[in-house]
Amino acid sequence: MVKSYILLLAFFVSGTAQLRAAAPQDTLADLNAMLGGIKSIQLSTGKELPKGFSITPEGWVLKDTAAQEAKMYVFEVVALTPEEDTYNVAFKYDNRTALPKVTVLADKVEMATGLRKDGMIWVVVAVSMTVFTILIGYLVLLDRKLRKMERTA
Amino acid sequence: MIQRIYILLQKDLRLEFRSKTGLSSLLMYALGSVFIIYMSVGEPEQGFIWNALFWITLLYSCVNSVMRAFYYETSSLRLYYYQIAHPQEVIFAKQLYGYVLNTILLAVSFGAFALVLGNFVQNMPLFVLVSLLSTWGIGAMLTLISAISSQTNNAAGILPVLAFPVLLPLFLSAIKAASAAIDGEAFAQQWANIAVLGLFNILAWLFSYLLFPYLWRS
Amino acid sequence: MKAILKHGYKVLAVLIMLYVIPMAWTGEVSVQVILHETIRNLYWHVVMWFAMILMFGISVYYSASHLAEPSERKDIYALEFANVGMMFGIAGIVTGMIWAQFTWGAPWTNDTKLNGSAASLLIYAAYFILRNSVQDRVKREKTAAVYNIFAFVMLLILVGIMPRLKDSLHPGNGGNPGFGNYDDLKGSMAVVFRPAVLAWILIGIWIANIRIRIKTLQLKKEQW
């Protein structure tokens with residue numbers, strides 16, 4: 001049920017031509033281009049970006065000189081597109097080799113928007129309310145019977 | 001107080017070693033199991049099989065040993081105890097008795113297993129610690145549970161029913177930690193399991209201290 | 001006035017549930033990978049566990065108070081609240097298994113919290129068996145009370161403390177506690193969750209109340 005878009009970009013850190021004119025220096029990835037538009041970006045709650053990485057509101061993932069340690073940096077963000085789709089994006093920045101490698105994995109989190117939400121969800125609500133009312137009705141019946149027995153005992 | 005515990009403990013141990021049944025039957029059980037395993041499986045090829053068989057044998061021996069802790073005491077004897085000792089002293093003595101018995105069983109079982117079926121344990125100190133803590137935990141918990149079940153009319157039947165759910169997490173931790181010791185893992189990785197085993201011991205003592213007096217009065 | 005006190009909580013519980021059910025289906029929820037829409041199960045599965053712990057807590061309160069000052073009424077209360085707690089516990093495990101089948105791929109895994117919760121429900125099942133094995137009434141009540149306290153503490157340890165010591169698939173264990181991770185909507189889930197907990201606790205008290213009255217009537221009949 002989860003569609004994954006796997007995009008592998010391997011490039012030299014210094015001096016790579018970006019297609020978008022206003023791309024800042026040291027851009028690792030352009031989420032706007034990958035996902036077809038970004039409405040908002042949030043960090044996954046409880047986690048934070050490693051030092052030296054930042055994300056602009058337009059969807060560029062930037063790296064500055066602080067991230068020089070030779071290790072694998074991993075972090076996750078949640079991106080919301082204008083079509084109300086939520087993508088869980090995982091970044092891996094591998095600095096251990098001479099050729100730094102950036103891996104971006106974007107999982108679309110499918111929710112029951114669209115078809116289900118216009119009208120049909122209320123059927124589910126109605127059914128569950130009915131079942132619940134029947135159970136409560138049974139409890140009330142028991143309660144009343146008991147009260148009658150207690151009065152006559 | 002400690003003297004009274006010591007005296008009660010000595011009484012139990014002396015009774016145990018004097019009777020022909022009791023400890024000897026448990027040892028026979030342990031050795032018999034080893035023998036049957038040797039006959040059917042031979043020396044197991046892999047460590048985790050050895051581990052499983054070891055724990056099965058140990059489990060049954062320990063449970064059987066502690067089961068009889070309260071079994072043989074008649075109500076008149078209990079009245080006598082009630083007059084001469086605090087309830088906490090009685091239960092502590094019983095638990096220490098369980099500890100001693102279980103340690104003997106552990107030593108014998110492990111010795112038999114190592115001799116006959118090969119010693120697969122790579123991290124020996126960890127294994128010793130884990131098996132000691134778990135057999136002690138079994139002993140302590142079971143003493144309390146046998147005290148509870150002795151109140152019922154079918155103590156031998158109800159004891160396993162009460163004991164099994166309580167011991168389940170203890171066994172999970174023990175078996176995991178023991179198999180880690182067999183594979184030769186370091187101490188530090190298993191601290192969670194060891195903490196659980198230690199916790200069970202502490203809990204059993206705490207419960208006995210707080211709850212046993214209520215049971216004892218009846 | 002007395003009628004309101006007697007039945008008011010039942011009406012409150014029903015009203016809250018009638019609010020919770022539509023909100024559970026249509027309310028705004030946190031979007032998570034793996035879970036997708038099933039995060040709404042939070043309003044059912046987790047609520048069951050909260051209600052269960054409270055029911056067992058009330059039961060242990062009556063058990064402890066029975067040990068301090070014995071009374072048959074307290075024993076009946078302890079028993080019936082334990083019954084209702086058991087019901088919630090079974091509901092919790094079954095809903096958990098259904099949820100796990102679709103999100104984790106299997107109805108049961110070798111997870112500390114799962115094993116701990118199953119073990120503590122088994123401990124409580126043994127409580128009922130124990131009650132049926134003691135014939136003398138006074139002895140039975142006392143033994144049951146002692147075991148109840150033991151069982152409750154084991155429940156707290158097996159379900160609450162042990163999973164935090166070890167790694168677990170469950171959220172909030174082996175990581176940060178609670179549903180903090182799901183609250184990126186600033187409380188839109190808590191608005192449905194907390195009333196739901198209250199409602200189910202009240203429903204549990206209602207059911208226990210009915211059971212207690214049935215039991216009292218039965219005992220009265222036997223004494224004739």
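**A tour of helices, a sheet and a chain contact**

Begin by selecting helix 8 (residues 191-216) of chain B together with helix 5 (residues 137-165) of chain C, which in this predicted model pack at an angle of about 160°, with their axes 11 Å apart. Because an angle over 145 degrees counts as roughly antiparallel, helix 8 of chain B and helix 5 of chain C are described as roughly antiparallel to each other, and their crossing is right-handed. To see where the two helices meet, show the side chains of the contact, which include B:Ala192, B:Phe207 and B:Tyr214 on helix 8 of chain B, and C:Lys142, C:Ile149 and C:Met162 on helix 5 of chain C. Coloured by character, the residues of this contact divide into 12 nonpolar, 1 polar and 1 charged.

Keep helix 5 of chain C selected and add helix 4 (residues 112-133) of chain C, since the next stop lies between these two. Helix 4 and helix 5 of chain C pack at an angle of about 175°, with their axes 9 Å apart, and they are therefore roughly antiparallel to each other. Among the residues that meet here are C:Gly116, C:Ile123 and C:Tyr127 in helix 4 of chain C, and C:Ala144, C:Tyr147 and C:Leu158 in helix 5 of chain C. The residues of this contact divide into 14 nonpolar, 6 polar and 3 charged.

Now turn to chain A and select its sheet, where 3 strands form an open sheet in the order 2-5-4, with antiparallel pairing. Strand 2 (27-30) and strand 4 (53-55) of chain A stand at the edges, each with a single partner strand, so one side of each is left without a neighbour in the sheet. Neighbouring strands of this sheet are turned by 15° against each other on average, direction ignored. For a closer view, select strand 2 and strand 5 (residues 60-63) of chain A, which pair in the antiparallel sense over 3 bridges, and within this region find A:Ala29, which stands opposite A:Val61 in strand 5 of chain A.

Finally, show chain C and chain A together, and look at the contact between them, which takes 23 residues from chain C and 24 residues from chain A. On the side of chain C that touches chain A, the elements that give two or more residues are helix 1 (2-26) and helix 6 (190-222) of chain C, and helix 1 of chain C gives the most, with 7 residues. The residues of this side of chain C divide into 12 nonpolar, 6 polar and 5 charged.

Note on methods
Residues are numbered from 1 along each chain as its sequence is written. Chains are lettered from A and ligands numbered from 1 in the order in which they are written. This is a predicted model: local features need pLDDT of at least 70, side-chain atom pairs count only at pLDDT 80 or more; totals for chains, interfaces and linings use all residues. Two strands pair if DSSP finds at least two bridges between them. Helices (H or I, at least four residues) and strands (E, at least two) are DSSP runs, numbered from the N terminus. Axes are lines fitted to C-alpha atoms, for helices over the stretch in contact, and angles run from 0 to 180 degrees between N-to-C directions. Angles under 35 degrees count as roughly parallel, over 145 as roughly antiparallel, 65 to 115 as roughly perpendicular and the rest as oblique. A crossing is left-handed if the near helix is turned anticlockwise from the far one by less than a right angle, and right-handed if clockwise. Two residues are in contact if their C-beta atoms, placed from the backbone, lie within 7 Å. Ala, Val, Leu, Ile, Met, Phe, Trp, Tyr, Cys and Pro count as nonpolar, Asp, Glu, Lys and Arg as charged, and the others, Gly among them, as polar.
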